[in-house]
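Please examine the model below with attention to its ligand and its internal spaces. How does each term applied to them follow from its definition?

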Amino acid sequence: MFKSICAIAAGSLLLASATVQAASDKGTIVIKFAHVVADSTPKGQGALLFKKLTEERLGDKVKVEIYPNSTLYGDANELEALSNNEVQLLAPSLAKFEKYTKQLQVFDLPFLFDDLAAVNRFQKRAKGRQLLRSMEDHNIVGLAYWHNGMKQLSATKALRVPSDAAGLKFRIQPSTVLEAQFNSLGATPLVLPFADVFDALKSGKVQGAENPWSNIYSKQLHSVQPFITETNHGVLDYMLVSNPRFWYAIPHQIRMQLEGIIDEVTFEVNRQAEAANQADRERIAAAAGTQVIALNDEQRNAWRNAMQPVWQQFEGVIGADVMKAAQTVNRNKSN
Ligand code: LMR
């Protein structure tokens with residue numbers, strides 16, 4: 001028994017160092033970091049800061065290549081590329097991991113987190129930290145959570161009350177929670193990769209979408225969505241992930257430095273995300289042709305009441321423990 005465990009361990013070690021070698025270029029470890037958004041967004045800025053700090057501190061030991069805007073891999077193939085070690089870092093939205101773990105669906109539940117500060121508290125607590133390791137069986141290791149922001153609903157018509165969304169088609173990320181959320185409004189959800197959202201909205205293939213301000217502004221989605229309702233109904237955050245066979249084969253000393261850099265970058269991304277989104281909100285509000293619709297408490301409660309029944313549908317798959325932990329982080333609850 002012991003022998004076979006040793007054989008498996010030795011085998012994984014060999015595979016691991018082959019994996020790092022495969023990503024090496026003349027002794028330099030090459031880390032390809034692919035993502036689907038613009039450089040100007042919180043994730044785009046985080047990726048660039050990771051490259052800058054890594055290259056400043058690790059010189060020619062590690063080279064970081066950033067591929068933004070789905071230029072290397074996009075939603076359809078990036079996680080497969082990670083598992084094949086064709087790319088070594090990704091930061092997909094938490095909605096994009098459903099194939100690998102149901103627990104992360106907690107982040108998609110509408111009106112679960114009051115704001116980004118509540119999301120932050122959940123991510124820092126034991127349950128949130130545990131979820132970083134929830135995909136290791138699928139060769140995905142979570143290194144950090146990065147914020148983007150709260151999502152807003154955009155459409156070709158003004159969405160003031162939930163029934164305004166009925167009959168419209170909305171682009172969604174690949175998440176059954178988001179599918180149920182739009183079904184609960186009598187709308188039709190359609191899963192599309194992020195790279196296709198602008199064209200789908202422009203051509204009328206879908207009439208609406210949900211995104212944080214930074215994604216809307218950086219992709220100019222507001223130019224094809226005359227109405228944006230400030231619902232803050234859910235969160236769009238990321239998990240920075242690698243392939244454990246690659247990550248744990250990086251020489252210990254270097255890996256420790258990389259993980260220290262990731263901690264610093266995470267702090268910066270998460271410190272700046274909210275302000276970056278607010279600045280983009282102002283730019284959108286000032287742009288001709290787009291109306292930002294603010295909701296009062298009563299109106300927002302109507303959206304909450306329409307969407308919240310979705311929680312019950314998913315309690316069994318997400319886990320009551322995870323959902324309960326997430327519900328204790330809002331400001332009006334004891335923390
Ligand atoms: C989306 O598909 O709308 C987002 O996940 C894109 C992103 O990475 O922010």
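The questions and answers that follow concern a predicted model.

Q: What makes Arg171 a polar contact of the ligand?
A: A polar side-chain atom of Arg171 lies 2.7 Å from an oxygen atom of the ligand. A polar contact requires a pair of N or O atoms within 3.5 Å, so this pair qualifies.

Q: Why do Tyr238 and Asn211 count as polar contacts of the ligand?
A: For Tyr238, a polar side-chain atom is 2.5 Å from a ligand oxygen atom. For Asn211, a side-chain N or O atom is 3.5 Å from an oxygen atom of the ligand. The cut-off is within 3.5 Å, and therefore both pairs count. As for exposure, the ligand taken alone exposes 270 Å², of which the protein buries 100%.

Q: Which residues surround the ligand, and how are they classed?
A: The surrounding residues are Val36, Val37, Lys43, Ser93, Lys96, Arg171, Gln173, Phe194, Asn211, Asn215, Leu236 and Tyr238. By class, this shell holds five nonpolar, four polar and three charged residues. Tyr counts as nonpolar and Lys and Arg as charged, so Tyr238 belongs to the nonpolar group, whereas Lys43, Lys96 and Arg171 belong to the charged group.

Q: Why is the ligand said to lie between two domains?
A: Domain 1 (2-97 + 137-148 + 237-268) and domain 2 (152-235 + 279-331) both contribute residues to the shell around the ligand, so the ligand lies between them.

Q: Where does the ligand sit with respect to the cavities?
A: The space that the ligand takes is the largest cavity. This cavity contains about 60 Å³ of space. Its lining draws at least three residues from each of domain 1 and domain 2, and is divided into five nonpolar, four polar and three charged residues.

Q: How many cavities of 30 Å³ or more does the whole structure have?
A: A search finds two cavities of that volume. The second largest has a volume of about 30 Å³.

Q: What makes the lining of the second largest cavity a mixture of classes?
A: This lining consists of Ala34, His35, Val36, Lys43, Asp75, Glu78, Ala91 and Pro92. Ala, Val and Pro count as nonpolar and Asp, Glu and Lys as charged, so the lining has four nonpolar and three charged residues, with one polar residue.

Definitions and conventions: Residues numbered from 1 in each chain as written. Predicted model: local features only at pLDDT ≥ 70, side-chain atom pairs only at ≥ 80, totals over all residues. Heavy atoms only, no water. Near = heavy atom within 4 Å. Polar contact = N/O pair within 3.5 Å; in protein donor to acceptor, adjacent residues only side chain to side chain. Areas by Shrake-Rupley, 256 points an atom, 1.4 Å probe, with all protein chains shown as cover. 1 Å grid on protein atoms, 1.4 Å probe; cavity = no way out; pocket = protein on both sides within 12 Å on 5 of 7 lines; lining within 4 Å. Sits in = over half its atoms within 2 Å of the grid points. Domains from an automatic or database assignment. Points joined across faces, edges and corners; volume = space filled by probe spheres on them.
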